[in-house]
Amino acid sequence: MIILIILTAIITLLHFAIPTEQHTFHIFHIALRKLYFLLPVMAAAWYGFRAAIFMTLAISVLFSFHVVLNWTDNYMEQANQAGELVSFWVVGLVAGRLFERERSLLKNLVRANEETLIGLVSALDMKEHNTNLHSQRVRKYTLLLVDRFRFDEAKKRTIGMGALLHDVGKIAVPDAILLKPEALTDEEMQVMRKHPAVGYDIVNRIEFLRESAEIVLAHHERFDGSGYPRGLKGEEIPFGARLFAVADVYDALTSVRPYRTVMSHEEAVVEIKKESGRHFDPKAVEAFLAIPRQELQTA
Ligand SMILES: [Fe+2]
């Protein structure tokens with residue numbers, strides 16, 4: 001936005017300042033006038049249709065001052081400049097429409113990718129948890145945590161995708177281990193503990209999910225270094241994975257599981273607070289405590 005304002009100011013000032021009398025100067029003067037066309041196109045590309053219209057309006061006003069002030073009695077030149085104003089609007093409207101369409105196509109593409117991935121993890125959740133919602137709920141809780149920090153949209157999407165896909169590596173865990181109701185033996189536990197690395201290998205193959213793959217790999221790390229697979233400690237763990245850890249445990253404690261009673265929100269909060277600085281990053285716990293209860297329950 002600031003770049004656009006500065007560029008508008010530079011083009012306008014130079015256009016006003018360069019005289020029209022001498023032939024050489026006039027060439028520069030006209031060239032600068034043509035640079036006005038760049039502004040609605042840039043506004044359209046960066047911010048969409050409404051911004052393109054707003055920018056076209058702004059340059060029309062700025063340009064009209066010049067027409068009135070510099071060409072007071074020259075009706076032929078004024079008519080010529082009025083034609084230029086129409087050209088601004090043609091460019092502004094066409095660029096605005098085209099970039100708006102591009103943005104909406106991109107949005108549809110992102111949504112289609114997201115829905116495909118939700119389909120994949122739903123199938124896994126159905127098998128393990130007998131419900132297709134675990135991963136989606138964990139993603140929503142993680143995104144509520146992410147909202148407490150100043151991240152851009154791309155970063156938020158990356159963390160959300162990491163949360164959604166965290167257990168995708170369980171596809172390689174045999175059912176006899178994954179669905180075993182009793183405690184796992186040491187060997188079975190070793191097989192189970194491979195799922196973050198397997199998930200990483202799967203997700204890392206998809207280019208737009210490369211960063212999310214880091215969260216998948218680190219989703220069982222613990223703040224005090226007692227997690228797996230790498231035993232990362234504190235800030236060595238990607239921040240998204242530290243936020244995810246709180247979201248995952250909250251969901252595990254408050255959702256219905258066949259072999260455990262469900263905890264109330266308050267009981268889960270007590271458990272999460274107890275683990276601050278051990279399992280969880282205190283910053284993540286603090287962010288979790290700042291989420292209004294209602295937002296968690298409607299997630
Ligand atoms: Fe996991």
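Begin by colouring the two parts named in the domain assignment of the protein, which gives domain 1 as residues 2-103 and domain 2 as residues 133-297. The model on the screen is predicted. Place a marker at the centre of each domain: taken over C-alpha atoms, the centres of domain 1 and domain 2 are separated by 52 Å.

**The whole chain**

Switch to a cartoon view of the complete protein. The cartoon contains 15 helices and zero strands. The radius of gyration of the protein is 29 Å, well over the 19 Å that the globule rule gives for 299 residues, so the protein is more spread out than a compact globule. Turn the model to follow its principal axes; along them the C-alpha trace spans about 95 × 35 × 35 Å. If the buried residues are then coloured, they make up 26% of the 299 residues. Consider also the contacts between residues at least 6 apart in sequence: of these, 60% join residues at least 24 apart.

**Domain 1: Q22 and helix α3**

Select Q22, in the loop that runs between α1 (2-17) and α2 (23-35). Is Q22 buried or exposed? Q22 has 11 C-beta neighbours inside 10 Å, and it therefore counts as exposed. Now draw a distance from Q22 to L145, C-alpha to C-alpha. The two residues are 123 apart in sequence and 63 Å apart in space.

Move next to helix α3, residues 38-47, and show the side chains of L39, P40, A43 and A44, which are buried. Look down the axis of α3: its buried residues fall within an arc of 135°, so they line one face of the helix. As general background, an α-helix has 3.6 residues a turn, so residues three or four places apart point the same way. Just after α3 comes G48, whose phi is positive, near 100°.

**Where α5 meets α6**

Select helix α5 (residues 75-129) together with helix α6 (residues 134-146). Two packed helices are described by the angle between their axes and the distance between the axes. For α5 and α6 the angle is about 115°, and the axes lie 7 Å apart. To see the contact itself, display I118, V121, D125 and H129 on α5, and H134, S135 and Q136 on α6. Colour these residues by type: two are nonpolar, four are polar and one is charged.

**Domain 2: H195 and helix α11**

Select H195, which lies in helix α10 (residues 195-204). Why does H195 count as buried? The reason is that H195 has 22 C-beta neighbours inside 10 Å, and a residue is buried if 20 or more other C-beta atoms lie within that distance. Leaving aside residues up to four places away in sequence, H195 touches D167, G169, K170, A172 and V173. Add V168 to the selection as well: H195 and V168 are 27 residues apart in sequence, yet their C-alpha atoms are 7.6 Å apart in space.

Proceed to α11 and show S212, A213, I215, V216 and L217, all of which are buried. What covers the buried residues of α11? The covering elements include α7 (153-164), α10 and α12.

**Last stop: P229**

Finish in the loop between α11 (210-217) and α12 (239-254), where P229 lies. Zoom in on the backbone leading into this residue: the peptide bond from Y228 to P229 is cis, with omega near 5°.

Definitions and conventions: Residues are numbered from 1 along each chain as its sequence is written. This is a predicted model: local features need pLDDT of at least 70, side-chain atom pairs count only at pLDDT 80 or more; totals for chains, interfaces and linings use all residues. Helices (H or I, at least four residues) and strands (E, at least two) are DSSP runs, numbered from the N terminus. A residue is buried if 20 or more other C-beta atoms lie within 10 Å of its own, exposed if 12 or fewer, and partly exposed in between; C-beta atoms are placed from the backbone. Two residues are in contact if their C-beta atoms, placed from the backbone, lie within 7 Å. Domain bounds come from an automatic or database domain assignment. The radius of gyration is taken over C-alpha atoms; the globule rule is 2.2 Å times the number of residues to the power 0.38. Axes are lines fitted to C-alpha atoms, for helices over the stretch in contact, and angles run from 0 to 180 degrees between N-to-C directions. Ala, Val, Leu, Ile, Met, Phe, Trp, Tyr, Cys and Pro count as nonpolar, Asp, Glu, Lys and Arg as charged, and the others, Gly among them, as polar. The arc is that of the directions from the helix axis to the C-beta atoms.
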